[in-house]
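Colleague: I am new to this structure and would rather understand one part of it well than survey everything. Please choose a part where several features come together, and take me through it slowly, with the surroundings it needs to make sense.

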Amino acid sequence: MEQAPAGAGGNSFPHINSDKFFNMLPFENDTTFLDLACGYGDYSLEASKYIGESGRIYAVDQWESGIK
């Protein structure tokens, strides 16, 4: 069984006002969004609603089980 890295499984997303947060960011249709330590990808999934079809999202995490 893989040992989770320190901090794995923590998630700040439920504790923020996501509408307020994402509306403050300068998203355009061709935005590239990088989600480091993405965990389950909550921020990436929400960002996908703002960047449009021509945008790109890169979600990176060292915790393989979290990505799966």
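Modeller: Let me begin at a single side chain and work outwards: Lys49 counts as exposed, because its relative accessibility is 62%. The model is a predicted one, so everything that follows should be read as a description of that prediction. Lys49 has a partner in Glu46, and the side chains of these two residues meet in a salt bridge, with 3.0 Å from N to O. The structure holds one salt bridge, and in general, side chains of opposite charge can pair when their charged atoms come close. Why are Glu46 and Lys49 separated by about one helical turn? Both lie in helix H2, and they are three residues apart there, which means about one helical turn between them. The two partners differ in their surroundings, since Glu46, at 10% relative accessibility, counts as buried, whereas Lys49, at 62%, counts as exposed.

Helix H2 is therefore the part I would look at closely, as it is the helix that carries this pair. To place it in the chain, note that there are three helices and two strands, and that the elements run α-β-α-β-α from the N terminus on. The strands are E1, residues 32-36, and E2, residues 56-60, and they pair in the parallel sense over five bridges. Helix H2, residues 42-51, is what the chain passes through on its way from E1 to E2, and this β-α-β crossover is right-handed. As one example of the strand pairing, Thr32 has Arg56 in E2 as its bridge partner.

On the way from E1 to H2 there is a loop, and Ala37 is found in it. Most residues other than glycine have a negative phi. Ala37, although not a glycine, has a positive phi of about 55°. With 64% relative accessibility, Ala37 counts as exposed.

Now turn to what H2 is packed against. The largest nonpolar core has seven residues, namely Phe13, Phe22, Phe27, Phe33, Tyr43, Ala47 and Ile51, and H2 gives the most to this core, with three residues. From the strand side, Phe33 is found in E1 and, at 13% relative accessibility, counts as buried. Leaving aside neighbours within four places in sequence, the contacts of Phe33 include Tyr43, Ser44 and Ala47, along with Phe22 and Phe27, and also Arg56, Ile57 and Tyr58. Phe33 and Ile57 are 24 residues apart in sequence, yet their C-alpha atoms are 4.7 Å apart in space.

Ser44 shows the meeting of helix and strands from the other direction. Its place is in helix H2, and it is buried, with a relative accessible area of 8%. When residues up to four places away in sequence are not counted, Ser44 touches Phe33, Asp35, Ile57 and Ala59.

Tyr43 leads us to the aromatic side of the story. Apart from its neighbours within four places in sequence, Tyr43 is in contact with Ser12, Phe13, Ile16, Phe21, Phe22, Phe33 and Asp35. A pair of aromatic rings is described by the distance of the centres and the angle of the planes. A search of the whole structure finds nine aromatic pairs, and in one of them the rings of Phe21 and Phe22 have their centres 5.0 Å apart and their planes at 90°, so this pair is edge-to-face. Phe21 is partly exposed, with a relative accessible area of 34%, while Phe22 is buried, with a relative accessible area of 1%. Phe22 also forms an aromatic pair with Tyr43, and this one is tilted, at 6.4 Å centre to centre and 40° between the planes. The pair links distant parts of the chain, as Phe22 belongs to helix H1, residues 18-24, and Tyr43 to helix H2, 21 residues apart. Both of these residues, Phe22 and Tyr43, are buried. One aromatic cluster is formed by Phe13, Phe21, Phe22, Phe27, Phe33, Tyr43 and Tyr50.

To set this close view against the whole, 29% of the 68 residues of the chain count as buried. Of the contacts in the chain with a separation of 6 or more, residues 24 or more positions apart account for 58%.

How values were computed. Residues numbered from 1 in each chain as written. Predicted model: local features only at pLDDT ≥ 70, side-chain atom pairs only at ≥ 80, totals over all residues. Heavy atoms only, no water. Pairing = 2+ DSSP bridges. Helix = DSSP H or I, 4+ residues; strand = E, 2+ residues; numbered from the N terminus. Right-handed = clockwise from strand over helix to strand, strands pointing away. Salt bridge = Lys/Arg side-chain N within 4 Å of Asp/Glu carboxyl O. Buried < 20%, exposed > 50% of the residue type's maximum accessible area, 1.4 Å probe, protein only. Core = buried A, V, L, I, M, F, W, Y, C linked by side-chain atoms within 4.5 Å. Contact = heavy atoms within 4.5 Å. Phe/Tyr/Trp six-rings, centres within 6.5 Å; stacked < 30°, edge-to-face > 60°.
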